[in-house]
Amino acid sequence: MEEIDRRIVTLLARDGRMSFTDLARETGLSVSAVHQRVRRLEKRGVVRGYAAIVDHDAVGLPLTAFVSIKPIDPAAPDDAPERLAHLAAIEACHSVAGDESYILKVRVASPVALEDLLQQIRASANVSTRTTVVLSTPYEHRAPAVAGEPAPAPEGQA
């Protein structure tokens, strides 16, 4: 990836709503050149989309947890992600190395809701679980450190 494309990706990762005019100013390109490069990055799949960052407390989902899962029967098919896809409380599913097969990031309204979700996870995927409840989140949704660009500071720090 060219240096200028890395710069554009870094800027968009920090602020997905940055205008083409602002991107042009930050990169030294014309607005039309920036527009073409962004479209090309989208077409290549480097930029896969733009999303709103939601305040989970404000929408009634203040409890975040990481749920590690492993199959009860190691010989069973490795299809837990498909079996769990219907559970909207699962925000992310990561295949991992180690004792567990996957780590799920979940968001729920309460400890009771977490307990219910754990039961659903176990029943749906025939897995055992190990859960870590998040107490606080100093930072999240950081822009990636794109090769050749300085690592971004956590939000609120420059």
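Here is a short chat about how a few descriptions of this predicted model are reached.

Me: How is the chain divided, and how far apart are the C-alpha centres of the domains?
Reply: There's domain 1, covering 3-44, and domain 2, covering 56-133. Their C-alpha centres lie 36 Å apart.

Me: What makes H2 and H3 count as roughly perpendicular or roughly parallel?
Reply: Look at the crossing angle. The axes of helix H2 (residues 20-27) and helix H3 (residues 31-43) cross at roughly 100°. Angles of 65 to 115 degrees count as roughly perpendicular, so that's the label H2 and H3 get. Their axes also come within 8 Å.

Me: Which residues make that contact?
Reply: On the H2 side, Phe20, Thr21, Leu23, Ala24 and Thr27; on the H3 side, Val31, Val34, His35, Val38 and Arg39.

Me: How do you know where the buried residues of H2 sit around the axis?
Reply: Leu23, Ala24 and Thr27 are the buried ones in H2. They cover an arc of only 100° around the axis, so they sit on the same side of H2. Their cover includes helix H1 (3-14) and H3. Just after H2 comes Gly28, with a positive phi of about 80°.

Me: What span is expected for H5, and how does the helix compare with it?
Reply: Helix H5 runs over residues 111-125, which is 15 residues. At 1.5 Å a residue you'd expect 21 Å, and from first C-alpha to last H5 reaches 21 Å, so the two are close.

Me: Why are the buried residues of H5 said to share a side?
Reply: The buried ones are Leu114, Leu117, Leu118, Ile121 and Ala125. They cover an arc of only 105° around the axis, and that puts them on the same side of H5. Over on the other side, Val112, Glu115 and Ala123 are exposed.

Me: What covers the buried residues of H5, and what comes just after the helix?
Reply: The cover includes strands E1 (63-71), E2 (90-95), E3 (102-108) and E4 (127-133), along with helix H4 (80-84). Just after H5, Asn126 takes a positive phi of about 55°.

Me: Why is Ser95 called buried or exposed?
Reply: Exposed means over 50% relative accessible area. Ser95 comes in at 62%, so it counts as exposed. This residue lies in strand E2.

Me: What does Ser95 touch, leaving out residues up to four places away in sequence?
Reply: Ser101 and Tyr102. As for Pro81, its C-alpha is separated from that of Ser95 by 9.0 Å, and the two residues are 14 residues apart along the chain.

Terms used
Residues numbered from 1 in each chain as written. Predicted model: local features only at pLDDT ≥ 70, side-chain atom pairs only at ≥ 80, totals over all residues. Heavy atoms only, no water. Domains from an automatic or database assignment. Helix = DSSP H or I, 4+ residues; strand = E, 2+ residues; numbered from the N terminus. Buried < 20%, exposed > 50% of the residue type's maximum accessible area, 1.4 Å probe, protein only. Arc of directions from axis to C-beta. Contact = heavy atoms within 4.5 Å. Axes fitted to C-alpha atoms, helices over the stretch in contact; angles between N-to-C directions. Parallel < 35°, antiparallel > 145°, perpendicular 65-115°, else oblique.
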